[in-house]
Structures are given as C-alpha cells and as structure tokens.
Amino acid sequence: MTACHLVRSRIDHTRHGTPSHFLSRKGLSIWIDLDRLVEAGRQSAFFSVDRFNLLSFHQSDYGPNFRRPGKVIPLADYARAQALDICPDLEIATVHLLTFPRILGVAFNPVSIYVLRDAVGRDAMYIYEVRNTFGDMHAYAGRADSGQAILHARKIFHVSPFFPVSGDYRLRFNAPADSAPVRVLMRYSDAGKPRLTATLRGAREQLTNSGVLKALAATGQWPFRPLVSIHVEAARLWWKRVPFHRRPEPPGPLSRADDVGGR
C-alpha cells in the first residue's frame with residue numbers, strides 16, 4: 001500500500017436559494033498516511049514532507065501546530081489523542097489525511113479531512129479541519145458508528161462572510177479502498193433549508209515524478225489558486241448583492257459531530 005497518493009478531482013459548490021450561485025473547478029489533493037511520512041517523502045523527487053519542494057506537505061500547517069511556533073506535534077499522534085477522547089473503545093490502526101499540498105511552498109486548505117480506521121480497515125472517526133481566509137481554523141470531529149457515516153455538526157465557525165454562523169452541516173466521506181474513488185459531500189443548511197452543497201469527486205493516482213508533473217499540468221494548479229478563486233467568487237456574490245456577515249470571534253479549536261447515518 002502506497003504511503004501517499006495524488007488525488008485529481010472536480011470540486012463543485014452550489015449555493016441554493018436566491019440568488020443562486022455555482023462554481024466548478026479542478027482540484028489536486030493528496031491522500032497521505034500520517035504514520036508513514038518518511039516513506040511518503042521518498043516517493044518522488046518533486047514531493048517532500050516538512051520541507052520545500054514543488055509539492056510538499058508540512059505538519060506545521062495543521063491541527064495543534066497551526067500558527068503555533070515551537071516543536072511540531074506529529075499529526076498521527078494528535079488524531080489518535082482526539083480518538084482517545086471521542087471513541088476510547090476503538091483501536092485506531094491507520095490515520096490518513098485528505099488535503100491540498102503546498103505548491104512551491106504555498107497552500108490554502110479550506111477543508112482537510114482526517115480519516116481514522118480500525119484494524120479491519122473500517123472508518124472509525126473523522127476530523128474535518130476547516131479554515132477561513134481570516135487565518136482562523138476549527139475542527140469538527142465525530143466517530144463513525146454506521147457503515148455509511150454521515151456526520152451532523154452544528155455550525156459554530158465563520159467560513160464565508162456571505163453566510164451567518166448558524167445552522168448545521170451534513171458531512172460525508174467515502175473512499176473504502178485505495179483503488180476506490182474519493183467522494184466528499186458537505187451540505188450546509190440553515191432554518192431547515194439547504195444553503196450550500198459542496199462536493200469533491202476524485203481518483204487516486206500514484207505519486208511519482210511523472211505523476212506530479214502530469215497532475216499539475218492537467219489540473220492547472222499554481223500557488224495561491226484556491227485563495228484567488230475564493231476571492232473571485234466573493235466578488236461575484238458581492239455583485240449579486242448577497243448580504244455580508246462580519247467575522248465574529250472564533251470558537252475553540254474543536255467541536256463534536258454526531259453520526260446520523262442515512263438519516
């Protein structure tokens with residue numbers, strides 16, 4: 001089993017209601033085994049872990065290390081510590097992370113997903129790490145008790161200035177095997193009505209020298225692209241006169257989500 005895969009994807013955002021809005025773009029993520037970072041860093045001359053490269057992954061960008069100088073806490077240890085609190089009855093065998101890599105040292109990750117699995121490969125817990133353009137971060141974490149886990153989380157973190165901090169999320173991740181497609185669904189509702197649906201649909205590929213170059217060319221990725229895209233769409237929403245909500249004081253680093261299965 002490979003320590004790190006590339007994930008080429010299609011990312012769609014649909015804003016429901018009036019005015020409606022839709023955006024679709026190509027994405028390039030990595031699916032990395034947080035217990036095998038040394039091995040992952042040796043897969044390609046164009047990919048490194050915790051150091052600069054064409055593509056790179058830095059633990060300092062995530063979890064307890066985000067914007068906190070000092071010794072870097074291994075992310076696998078951080079995820080297992082959360083699991084010890086949320087699902088102490090389960091033994092976590094593997095911890096993977098789906099995230100955007102740095103490109104030439106630059107990255108912005110609106111959402112990164114930790115997937116914790118038990119000894120038989122069953123999803124045991126998820127951590128959805130969400131960031132905004134103001135430099136804040138919050139994580140929604142919950143155990144996966146059902147076969148097709150859908151987490152329900154109350155929205156307490158300011159993401160887009162065009163939505164209030166109210167309502168709730170339905171969060172679903174599906175990638176049962178290394179060869180299976182990666183599917184992510186995030187649906188935001190407020191007052192019982194859907195307001196935003198975001199999806200990521202992708203396929204895992206080998207992280208090799210040629211794989212990195214081909215994936216970058218095929219997806220048109222470059223430094224700052226997610227941030228530029230976000231601000232372009234924000235300008236379009238402002239032009240449509242969508243109400244603007246100011247950033248409130250951010251909440252604590254992590255809150256709990258519940259598995260509601262197919263409900």
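Charge first. In this predicted model, the chain carries 36 positive and 23 negative side chains. The centres of those two sets sit 9 Å apart.

Now the surface. About 12700 Å² of the chain is exposed. Carbon and sulfur atoms supply 56% of that area.

And the inside? Of the 263 residues in the chain, 50% are buried.

Next, the fold. We have four helices and 15 strands. The radius of gyration is 18 Å, close to the 18 Å from the globule rule for 263 residues, so the chain is as compact as a globular protein of that length. For a sense of scale, the C-alpha trace spans about 50 × 45 × 40 Å along its principal axes.

What about contacts along the sequence? Take the contacts with a separation of 6 or more. Residues 24 or more positions apart account for 58% of them.

Let me zoom in on one residue, Asp190. You will find Asp190 in strand β12, which covers residues 182-190. Is Asp190 buried or exposed? Buried: its relative accessible area is 16%, and the cut-off for buried is under 20%.

Which residues does Asp190 touch, leaving out those up to four places away in sequence? Pro164, Ser166, Gly167 and Arg195.

Two of these neighbours deserve a second look. With Ser166, the link is side chain to side chain: a polar contact of 3.0 Å. With Gly167, the side chain of Asp190 reaches the backbone nitrogen, at 3.4 Å.

So much for Asp190: a buried acidic side chain, with polar partners at Ser166 and Gly167.

Methods
Residues are numbered from 1 along each chain as its sequence is written. This is a predicted model: local features need pLDDT of at least 70, side-chain atom pairs count only at pLDDT 80 or more; totals for chains, interfaces and linings use all residues. Side-chain values use heavy atoms; hydrogens and water are left out. Helices (H or I, at least four residues) and strands (E, at least two) are DSSP runs, numbered from the N terminus. The radius of gyration is taken over C-alpha atoms; the globule rule is 2.2 Å times the number of residues to the power 0.38. Buried means under 20% relative accessible area, exposed over 50%, partly exposed in between (1.4 Å probe, protein chains only). Contact means heavy atoms within 4.5 Å. Accessible areas come from the Shrake-Rupley method with a 1.4 Å probe; for residues, only the protein chains shown count as cover. Lys and Arg count as positive and Asp and Glu as negative; His and the chain ends are not counted. The place of a charge is taken as NZ of Lys, CZ of Arg, CG of Asp or CD of Glu. A polar contact is a pair of N or O atoms within 3.5 Å; within protein, one must be able to donate a hydrogen and the other to accept it, and residues adjacent in sequence count only if both atoms are side-chain atoms.
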